[in-house]
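This report describes a protein model in terms of its overall form and of selected local features. The sequence and the coordinates are shown first, and the discussion follows.

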Amino acid sequence: MATVNKHLAGMDKNYLFAEIARRVAECGYPDLIRLGIGDVTLPLPPAAVAAMKQAADEMGTPEGFRGYPPYEGYGFLREDIAAHDYNGIVAPDEIFISDGAKSDSAAFAEILGLDNSVAVCDPVYPVYVDSNIIAGRSGFTYLPCTPANGFVPPPPDAHIDIVYLCYPNNPTGAAATKAQLKDWVDWANGRGSLLLFDGAYTAFITEAGIPRSIYEIDGARTCAVEFRSFSKSAGFTGTRCAYTVVPRELKAGGHSLRELWMRRQSTKFNGVSYITQRGAQAVFTPEGKKQVAERVGFYLNNAAVIFNGLKALGFEVYGAVNSPYVWLKTDLPSWEFFDKLLHKARVVGTPGAGFGKAGEGYFRLTGFGTLEDTKEAINRIEVVL
């Protein structure tokens, strides 16, 4: 008789954002303003659209047609990522193109032993925890992220094998300084631990001195994997393109993680389409960079509108400076606050409790809406609260 994965079967029925979608669908309000899920609203950069159209035309000719893409991605995109995002500190053959930082951050644990201990920040992007539970890991160490530590926890005294870090942070919007990341890198190298660093929001960094990559930190190449995405910065949430960096020096148990990741990808992933990768490459052209910067600036302005509006209403708020997210302290349990905003203000956000125990009493709003909706959301919140 067939059986199921008991770890998956024992989890909550819905993933956090699926649960939010369910509650929203049940209410059926026609005038909802959605500032919960981190999906973008601006269209793709014109440079990316033009490149994808040209690539589609190529695919319609005998000489331009391409079948399966390389498992690790086309060289033209990997070379441009290495040159523009890393200024040469990462080599093209250490970059693996994928369909999302979410899927890669979940899948990377597949090449690591189930006996590894795991630590995550709290609050935390739930995929890190859920994917490890599905794989069969348990007994997580939670590192509280609070206003007292600026939502950047110090390395623990205990030995941990794998640590997930996300900065700029989802959900709190906090950014880690070079000194803070250096502490983590030194800690990991001193213990033989692995850092899985989610840098999906690095394009939103505005403050000087905030690293845009873990590899700006000396020693990171021997202890860290980095996940990046075109989703939020270039609007690829519906187009799907991201990448993971696994340095040659990075090893676990004497094995090259770069080689193991390539083995996993070639077995379970057929690559990202040629058309999509050409669109992603166009992001690095002068026109593409300008268009991406405009989109990032638009979302950061929305986040500032939310931040300043809530602060004026007396809320304790964080984020918005190096991040599209605003993290606010509530006067209610976070799911109660969610329901209050949903039913009274017709505004959808994300309850902090969905991100972990330390997220209780907090709430996340995103800057990914339209400017009109963002302003209207603050007006509605002012009325009901």
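In which loop is Ala320 found?

## Backbone at Ala320 and Phe151

The structure under discussion is a predicted model. In it, Ala320 is found in the loop that runs between β11 (317–319) and β12 (325–329). Although Ala320 is not a glycine, its phi is positive, at about 80 degrees. The relative accessible area of Ala320 is 8%, so the residue counts as buried, the cut-off being under 20%.

Phe151 offers another case of a positive phi in a residue other than glycine, with a value near 65 degrees. Its place is the loop between β4 (141–144) and β5. Phe151 is buried as well, with a relative accessible area of 4%.

## Overall form

The protein contains 13 helices and 15 strands. Its radius of gyration is 21 Å, close to the 21 Å that the globule rule gives for 385 residues, so the protein is as compact as a globular protein of that length. The C-alpha trace spans about 60 × 55 × 55 Å along the principal axes.

Buried residues make up 52% of the 385 residues of the protein. Where contacts join residues at least 6 apart in sequence, 73% of them link residues at least 24 apart. The accessible surface amounts to about 16400 Å², and carbon and sulfur atoms account for 53% of it. The protein carries 37 positive and 42 negative charges, and the mean positions of the two sets are 2 Å apart.

## Cis peptide bonds between β5 and α7

Two cis peptide bonds precede prolines in the loop between β5 (162–166) and α7 (178–191). The bond from Tyr167 to Pro168 is cis, with omega near -5 degrees, and Pro168 lies in this loop. The bond from Asn170 to Pro171 is also cis, with omega near 25 degrees, and Pro171 belongs to the loop between β5 and α7 too.

Beyond this loop, Ala179 is placed in helix α7. Is Ala179 buried or exposed? At a relative accessibility of 54%, Ala179 counts as exposed. The C-alpha atoms of Ala179 and Ile217 are 8.8 Å apart in space, while the two residues are 38 apart in sequence.

## Packing of helix α6

Helix α6 spans residues 126–135, and its buried residues are Pro126, Val127, Tyr128, Val129, Ser131 and Asn132. Which elements do the buried residues of α6 pack against? Their partners include the helices α2 (16–27) and α5 (101–107). The strands β3 (118–122), β4, β5 and β6 (194–198) also pack against these residues. Just after α6, Gly136 adopts a positive phi of about 115 degrees.

## Buried polar residues in helices α11, α12 and α13

Gln291 is found in helix α11, which covers residues 286–312. With a relative accessible area of 15%, Gln291 is buried. Leaving out residues up to four places away in sequence, Gln291 touches Pro45, Pro46 and Ala47.

Ser334 is placed in helix α12, residues 334–345, and is buried with a relative accessible area of 0%. Residues up to four places away in sequence aside, Ser334 touches Pro351, Gly352, Ala353, Gly359, Glu360, Gly361, Tyr362 and Phe363. With Ala353 there is a polar approach: the backbone nitrogen of Ala353 lies 3.0 Å from a polar atom of the Ser334 side chain. By C-alpha positions, Ser334 and Ala312 are 20 Å apart in space, with a sequence separation of 22 residues.

Arg380 lies in helix α13, which covers residues 371–384. Its relative accessible area is 18%, and since buried means under 20%, Arg380 counts as buried. What does Arg380 contact, leaving aside its neighbours within four places in sequence? Its contacts are Asp31, Ile33, Ala345, Arg346 and Val347. At Asp31, the backbone oxygen lies 2.9 Å from a polar atom of the side chain of Arg380.

Conventions. Residues are numbered from 1 along each chain as its sequence is written. This is a predicted model: local features need pLDDT of at least 70, side-chain atom pairs count only at pLDDT 80 or more; totals for chains, interfaces and linings use all residues. Side-chain values use heavy atoms; hydrogens and water are left out. Helices (H or I, at least four residues) and strands (E, at least two) are DSSP runs, numbered from the N terminus. The radius of gyration is taken over C-alpha atoms; the globule rule is 2.2 Å times the number of residues to the power 0.38. Buried means under 20% relative accessible area, exposed over 50%, partly exposed in between (1.4 Å probe, protein chains only). Contact means heavy atoms within 4.5 Å. Accessible areas come from the Shrake-Rupley method with a 1.4 Å probe; for residues, only the protein chains shown count as cover. Lys and Arg count as positive and Asp and Glu as negative; His and the chain ends are not counted. The place of a charge is taken as NZ of Lys, CZ of Arg, CG of Asp or CD of Glu. A polar contact is a pair of N or O atoms within 3.5 Å; within protein, one must be able to donate a hydrogen and the other to accept it, and residues adjacent in sequence count only if both atoms are side-chain atoms.
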